[in-house]
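Q: I would like to learn how to read salt bridges, burial and confidence in a protein model. Please take me through them one at a time.

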Amino acid sequence: MKALIRPVFVQIFILLLAAHTLFGQEPVKPESVNTTQLEDKIEQLSGQTDTELDYSELVDELLQYIHQPVNVNQASERELRQLQLNDLQISNLTNYIQKFGELTSIYELNLIEGFDSVLVSSLAPFITFRLQPAGAKPTLSNLARYGRHQILTRYQQVLEEQSGFAPVSDSALQLKPNSRYLGGPEKLYLRYGYSFYNKIRFGITMEKDPGEPFWPSADSLKKGFDFYSAHFFYSGDKFLKHLAVGDYHLAFGQGLTMYSSLAFGKSAGAITTRRIAQQVRPNTGANENLFMRGAAVTITPLKNTDLTVFYSDKKVDAGIGATDSLTAETLFISSLQETGYHRTPNELRGKNAIQQTVYGGNLQTRIKMFRLGATAYHTELGADLERREALYNKFDFSGKSLNNFGFDFAAILRSLTLFGEVSGSGNGGKAMLVGATATPDPHLAISAIYRNYGKDYQSFFSNAFAEGSRNANEKGLYLGLFAQLHRRWSLSAYADHFRFGWLRYRVDAPSRGSEYLAQLSYTPARYAEIYFRYRYQQKQINPSGGSGYTDYPEAETRENFRLHLSLKATRTITLKSRIETTRWHMPGFDRRKGYLVYQDFIYNKPEKPWLLNARYALFDTDTYNERLYAYESDVLYAFSIPAYYYKGSRFYLMGKYSFGRRLDLWIRYSLTYYANKTTIGSGLDQINGNSKSDVKVQIRLRL
């Protein structure tokens, strides 16, 4: 391990020494954001899956505004949502501009209902009140002069030895070739990007996960990074609206027919449930199977009408099986894989195992206050998908090709917005979603969503609002509310009732559930915020440990109580404290509970080129099932949302140093200690011991 880390730090030291000489000491503007809502959304999204995902694509467009801020007077609704504003704030901002004219100063935002000094300060790095400069015209000289380049590289590693990296004899490895990872324990990430006023962007992203081969060796089949992604993107305001070549994302309507990337779902924001996405955008993340690869173009053939056509042809990870016959061997797909891991011979065998071709189009038109859209596309796999037969997946897709189509609408009627989407799949399955948001008063906003997804609706790229992981076999009604009770008090709440008409994995009968959340926030001053949150969840699931062929689902109930305080104690020191408890209950089982307590310390002196961020946390849960999630500050474009479970403590320290305006260095160290465990993890990730530590080193160069 030391042999691997030492050369990395030597190279960093040499690079920083050169940068210090070239660029000098200049303070830089901190990259802050309206973090409370954003952190909460990512926190809740990560709690829905055990898969490690790259959430950078969800914030990439927002971070582009740091160098090319959006004019708040001319911003679209999509751009305002990127700034984490809710429906009430967007409505009040729009009404204020219509009534009093364009804003001229950031301090004027404080006069608008729903905007306090904390929110206004967090918006400052991303917005402007000036018109676009003359240099924004995409000429060759302007592209060279005003375009911005960014190179980012990251090294990450778990410092304790995991079973998959432990020494093993050649004879033992020959008998069990999947008992050890093929590569080293380091995770490597390299990203280059160019941006010109968000109109022209191109770049490449490269990543190697821990355990994947990278360094050349005699028995290595693969050299270099395991994953490569490249993109070119143009955004215009005339006939050619969008052009994407390489890797890109598609998002139409409410995401029921086509939404190829990650998306936020329910959160404490309560009323930010309507999807307003850019139809085509570049893929800048490292989620290895969640993107399109090919080309997409959006044109405006008629006034207020956009036509998007797209084509994607890429290889995806899959489990491959074969059937023998008297004449030939027939290959089939047993499963589609989305982890992106290629660390063992078995995992490597499934890499890029099957071809996936997607082509289609979308038409959108705007007629006064109405917006209408239609989407249709075809998906073709390189072999038949034959899932393992089970009663719960009886209606899931099987075969080689699938057609999808859908219609979406939105009607904006002053303080009321109606929206929805109806979709169908080639097998006859149907799904629909309708919703409304309203701001009947400058202090009140409400939202509602009803969805009805048929058990036989099939889609590879559907990602609409839902309780389940797929947009199928679900009916539900969601109601959300946000109220500005006072200048310093606000209340957000939602209720969601849902049912599943057919069996699901680990649920051997039709089932139902409900979820409630209420959050009361208090901002006593511009330097402090306190909120209390209560969350209740109930779902039906098979009791664990059942021995029968089927189990009768029982109601599983979870309750969470959270108290959170954010305080800017001095001009340079910010403190964040949280206490959260959880309770779990299921008939036939003992009641279980857990808690998490943490304290954050942030030191950031604006005139200094460095900042520090630290956390110390204590946690204690009866089992893994009561785990709690908490968002942690991390290096740029990286995310840490660990699950806190069993009994122990966790600590992390992150420092950032800026060498002028061109070069930044991040170093992050984290340590988790378990008081009641002798091993951590399982399988090849298992650590023999009760502590796990992780180090990240990241460098960013801007030109």
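Q: In this predicted model, which side chain meets D634 in a salt bridge?

A: Side chains of opposite charge can pair when their charged atoms come close. Here the partner of D634 is K696, with 2.5 Å from N to O. This salt bridge links distant parts of the chain: D634 sits in the loop between β27 and β28, K696 in strand β33 (residues 691-702), and 62 residues separate the two.

Q: Is D634 buried or exposed, and what about K696?

A: Buried means under 20% relative accessible area. D634 has 12%, so D634 is buried. K696 has 5% relative accessibility, so K696 counts as buried too.

Q: Which residue forms a salt bridge with E632?

A: That residue is R668, and the closest N and O atoms are 2.7 Å apart. E632 lies in the loop between β27 (628-629) and β28 (643-644), while R668 belongs to strand β30, so the salt bridge ties together parts 36 residues apart in sequence. E632 has a relative accessible area of 0% and is therefore buried. R668, at 2%, is buried as well.

Q: What does K208 pair with?

A: The side chain of K208 meets that of E186 in a salt bridge, at 3.8 Å from N to O. K208 is in strand β5 (residues 200-208) and E186 in strand β4 (residues 186-196), with their places 22 residues apart in the chain. Both K208 and E186 are buried.

Q: How many salt bridges does the structure hold?

A: The count is 32.

Q: Why does L45 count as buried, and which residues is L45 in contact with?

A: The cut-off is again under 20% relative accessible area. L45, in helix α2 (residues 35-46), has 11% relative accessibility and so counts as buried. Leaving aside neighbours within four places in sequence, L45 is in contact with Y55, L58, A263 and F264. The C-alpha atoms of L45 and G265 are separated by 7.0 Å, although the two residues are 220 apart along the chain.

Q: Where does pLDDT stay under 50?

A: Where pLDDT is low, the predicted coordinates should not be read in detail. In this chain pLDDT stays under 50 over residues 1-34. Among the elements, helix α1 (residues 2-23) has the lowest mean pLDDT, 43, and strand β30 (residues 663-674) the highest, 97. The protein chain averages 87, and 90% of the residues score at least 70.

Technical notes: Residues numbered from 1 in each chain as written. Predicted model: local features only at pLDDT ≥ 70, side-chain atom pairs only at ≥ 80, totals over all residues. Heavy atoms only, no water. pLDDT = per-residue confidence, 0-100. Helix = DSSP H or I, 4+ residues; strand = E, 2+ residues; numbered from the N terminus. Contact = heavy atoms within 4.5 Å. Buried < 20%, exposed > 50% of the residue type's maximum accessible area, 1.4 Å probe, protein only. Salt bridge = Lys/Arg side-chain N within 4 Å of Asp/Glu carboxyl O.
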